[in-house]
Amino acid sequence: MATERERRFAGPRRGQLGFALGFVALSLLLLLLIGDQTIWAAKTRFFAQPRFWPAVGLGGMVLMGGLHLYRLPWRRFNVNDRTELRRWALVLEYSGWFMGYVLLVPVLGYLPVTLAFVPLLARRMGYRSRLMMGASIIFAVVVVVLFKSFLGVKIPGGAIYEYLPGALRSFFILNL
Amino acid sequence: MDLFLSALDILMRWDVALALLVGSVGGVLIGAIPGVGPAVAIAILLPATFSMDPIVGLTVLLGIYGSSMYGGSIPAILINTPGTAVNALTTYDGYPMTARGEPRRALSLAYSSSFFGGIFSVICLILFAPVLARIAPMFGSREIFLAALLGIILVVVAHRGQALMAGALAAFGIFLQTIGMEPVKYSQRYTFDQPFLQGGINLIVVVLGLFALSQAFVLLTAEDERIRTTRLSGGSLFQGMRELLRHPRVASVSAGFGVIMGMIPGVGEFTAQFMSYTYAQRTSKRPEDFGRGASEGLIAAETANNAVPAAAMVPLLALGIPGEALTAMMLSVFYVHNVVPGPGLFQNDMDFVVALYLALLILNVLVLAFLLVATKSLIQVVRIPNRFLGVCILTLSFVGVYSLRNSATDCMLAAVFGVLGYILKRLSLPAVPIILGMVLGGIMEVKLRAGMARVKTPLDMIDRPVSFILFLIIILVLATQIRRVWLDRRDLKEAEWQSNHRSTSFGRLLLRRKSSFLMERGKLQRARRLTWYRRLMDLF
C-alpha cells in the first residue's frame, strides 16, 4: 500500500528515481570538471569571473537535484522503473528517423527526401490506407512549397540537383 | 493621438495584414488540435519569422499565442479534451453544457468571454502604456537583475510540489547558457574542445527539442484515440455576447485577474483562471452549479486565460524580461533584428509598442469573426489521428532547427533535448524552467556584471527605490514559500500519524515506559496503586 508521502508526490512513480539519480550524477560530474573547463581570471571581481555563473548553475543543479533525490519517497528500483527506461529508449528510434532525414536532405534534396520520409514514417506508424498515404504526400509537398518556395527559409539544395540540366537545376536548388 | 496614428501607420501594410490573418486562423487551428499547442507552433515557426520585419514576425507569433486559446475551447467543450493546456478549466463547465444538448451555447459563451478578455486586456495596457513608459526608465542594471531573479524564483515556486526539481531544471538552464565562449574574458566554458560548442547552445535548438520534438515523440509513441464529434445544436453562436452581458462583474474581475497575473513573470494563465473561477464560484448565487455547466464558470475560465497574452508582453517589452516560455521565444525575434526590448523601447519606440497592442486588438476581432463563421468545419480537425500529427510535427521540426544554421549538429542537439523533453513529460516534470533559466540566466549575468561595477558595499545594490521594492518582494516570495513548505510538511506529518495503524515502534514504547517509571508522577501513581493494593489485600 502506498504511504501518505507517496500519495502526495506530484507525478507518477515510474522512472523518478532513475531520472533523479542520473541528473544528480551528471551535475556532480560537471561540477567536478569546473576547474578544468572554466578559468579564474586574475584582477577580476568575483561576480565578473567567467567561472561564477557556471558555478551558480551547477551548484543549483547539485543542491536542488540532490534535495529532490533525498526527498523522493522511493529508494529502490522496481519493475515499473525498468519498463519506463525501456520506454525512454523507444524514442531513440524516432530520433534516428529524424537524424536520417536531416543527413539525407543535403544529399538528395528537400522535396525528394520529404516525399519519401513522411509516407514511410506514416507507414511505420501503422497507416496503410490510401487516404493516409495521400494525405502524407500532400502534406510533404505543402511543407516544402510553403517553407522553401514561399517563405524562403534557408535549406540548401540537394547535391543530387547538380546533375540536373541548367535552368531546372537552379529552379530546384532555389525552390525545392 | 499622434502616437495612435503613427502606430496605425506601422500596421497599414499588406504583410502585416497577412500576418494578422495567418496568425489568427493558424492559431485557432493549432489550438483546436489537441496535442499541438501554441508552444510547438511558435517553436517551429520562429526561424521562419527571422527573415520578416519585427512587427510582421511578432504579429504572426502573437496571433498564434492569442488565438490558440480560442481554438482550444472547441475540443474542451465538445469532446472534453482541452485543445491547449490552459483550456483545462473550460472542460469543467463547457462539456456538461454539451452533454445536456447545448454545445452551441457553450461555444458561443466561450468565444464571447475570450473576446471580452482579449479586448479588455489590450485596452487596459494601451491605457497603462504611458505609466509604464514613465516607470520603465527607473530600471537600471541592478533593477533588471533583481527583476530577472524574481522571475526565476516565481517560476520555480509556481510549481507546487515540484519546486526543488523546477529549481534544479532552472539551474540547468542557467548552466546551458554559460556553455561556449565567455564574451568578456574570451575564455571557453564547458566546450570540451569541441568546435560545435564554442558558439554556445542556441536557445531555439533547445526550445524546438523540448517543445516540438518531445511532443512529436509523445504522439508517435501514443495510441490513436477514437473521437466522436458532437453535432452543433442548442442555441445560436451569437447568443453568448448577450449572456456575457448579464454577468459583467464576473467577466471584468476575471479579465482583471488575467491582466495582473499575466504581468507577473512565471504566474500566467493557470493562476489567473484558478483565482477567477474561485471568485466566480464564491460570489455566485448558485455555487452548486459550478462543474455542472455553469455559465459563470465558463466565463471566468475563458475570460481570464485570454486576458493573459497581452499582459504577458508587458515585462518583455518594458524590461526585456520574459515571464514564460512563449514570450521567451519571442525575445529571440527581437534579438535577431537588433531591437532590444526594455526601457529604451518604451522611450524611443512607443509607437511600435502601441502598434503591437493594436495588432492584438484587431486579431481578437478577426478570430471572433472567423470562429462565428467556421466553427462547423473546424470541428473536423480534432479528428486528425495522434500519430499522424506526430509525423507532421517531426517533419516541421526539421524546418525549424535546420533552417537556423544548416547544421546537422544543431539537429542532433535538438534530438537530445527532444528525448529529455519526452522524459520530463513522462515524469510530469516542467520543461519551462529550463527555457527561462537560459533566457533569464543570460540577462542576469550581463546585468549583474554591469550593476556590480558601481556597487561598493552589498547594501548599495538595493539603495534605489525600485531595487529596494524588488528586493522586498523577493524576500516576501521566499518567506511565503518557506512557510508553505513548513505547513505542507506539518500537514504531511499529521496525515502520516493519522494513517499509521501501528501503535509505535517497540523501542520507543519501552523508552516511554522507562520515562514514565522514572517521572515523579509515575512514582506517585505507583505509590497510590500500591496503597490501594495493600488495602485490598488487607481485606482478605
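These exercises walk through a predicted model of two chains, A and B.

Residues are numbered from 1 along each chain as its sequence is written, and chains are lettered from A, ligands from 1, in the order in which they are written. In this predicted model, local features need pLDDT of at least 70 and side-chain atom pairs count only at pLDDT 80 or more, while totals for chains, interfaces and linings use all residues.

**Exercise 1. Describe chain B as a whole.**

Step 1. Start with secondary structure. Chain B holds 23 helices and 2 strands. Helices (H or I, at least four residues) and strands (E, at least two) are DSSP runs, numbered from the N terminus.

Step 2. Take the extent. The C-alpha trace of chain B spans about 115 × 70 × 50 Å along its principal axes.

Step 3. Take burial. Of the 540 residues in chain B, 54% are buried. A residue is buried if 20 or more other C-beta atoms lie within 10 Å of its own, exposed if 12 or fewer, and partly exposed in between; C-beta atoms are placed from the backbone.

Step 4. Take contacts. Two residues are in contact if their C-beta atoms, placed from the backbone, lie within 7 Å. Among the contacts in chain B with a separation of 6 or more, 80% join residues 24 or more positions apart.

Step 5. Divide the chain. Chain B has domain 1 (2–454) and domain 2 (511–540). Such bounds come from an automatic or database domain assignment. Over C-alpha atoms, 73 Å separate the centres of these two domains of chain B.

**Exercise 2. Check the length of helix α14 of chain B, then follow its course.**

Step 1. The expected span of a helix is 1.5 Å times one less than its number of residues. Helix α14(B) covers residues 295–319, so its 25 residues should span 36 Å.

Step 2. Compare. The end C-alpha atoms of α14(B) are 38 Å apart, which agrees.

Step 3. Look for a bend. At Pro309(B), α14(B) bends by about 35 degrees. The bend at a residue is the angle between axes fitted to the seven residues ending there and the seven starting there.

Step 4. Check its cover. Of the 25 residues of α14(B), 25 are buried.

Step 5. Step past the end. Gly320(B), just after α14(B), takes a positive phi of about 75 degrees.

**Exercise 3. Repeat the check for helix α15 of chain B, and find its packing partners.**

Step 1. Helix α15(B) covers residues 325–336, so its 12 residues should span 16 Å. Its end C-alpha atoms are 17 Å apart, which agrees.

Step 2. List the buried residues of α15(B). They include Ala325(B), Leu326(B), Met330(B) and Val333(B).

Step 3. Find the partners. The buried residues of α15(B) pack against α3, α4 (54–78), α10, α14 and α20 of chain B.

Step 4. Step past the end. Asn338(B), just after α15(B), has a positive phi of about 60 degrees.

**Exercise 4. Describe the side of chain B that touches chain A.**

Step 1. Count. 56 residues of chain B are in contact with 58 residues of chain A.

Step 2. Name the sources. Helices of chain B that each supply at least two residues include α3 (37–49), α10 (203–220) and α21 (465–498). The largest share, 11 residues, comes from α18(B).

Step 3. Sort by type. This side of chain B has 34 nonpolar, 14 polar and 8 charged residues. Ala, Val, Leu, Ile, Met, Phe, Trp, Tyr, Cys and Pro count as nonpolar, Asp, Glu, Lys and Arg as charged, and the others, Gly among them, as polar.

**Exercise 5. Set the record for chain A beside the model.**

Step 1. An unreviewed UniProt entry lists "domain: DUF1468" for residues 20–156 of chain A. UniProt positions are given in the numbering used here, feature names are shortened, and annotations may be inferred rather than shown by experiment.

Step 2. Read the model there. Residues 20–156 of chain A are 75% helix and 0% strand, with end C-alpha atoms 41 Å apart.

Step 3. Add the "transmembrane region" annotation. The unreviewed UniProt entry places it at residues 51–70, 91–111 and 131–151 of chain A.

Step 4. Read two of these spans. Residues 91–111 of chain A are 95% helix and 0% strand, with end C-alpha atoms 25 Å apart. Residues 131–151 of chain A are 95% helix and 0% strand, with end C-alpha atoms 28 Å apart.

**Exercise 6. Examine two residues with positive phi.**

Step 1. Most residues other than glycine have a negative phi.

Step 2. Take Lys43(A). Its phi is positive, about 55 degrees, although it is not a glycine. Lys43(A) lies in the loop between α3 and α4 of chain A. Lys43(A) counts as exposed because it has 4 C-beta neighbours inside 10 Å.

Step 3. Take Tyr186(B). Its phi is near 55 degrees, a positive value. Tyr186(B) sits in the loop between β1 (180–181) and β2 (188–189) of chain B. With 8 other C-beta atoms within 10 Å, Tyr186(B) is exposed.
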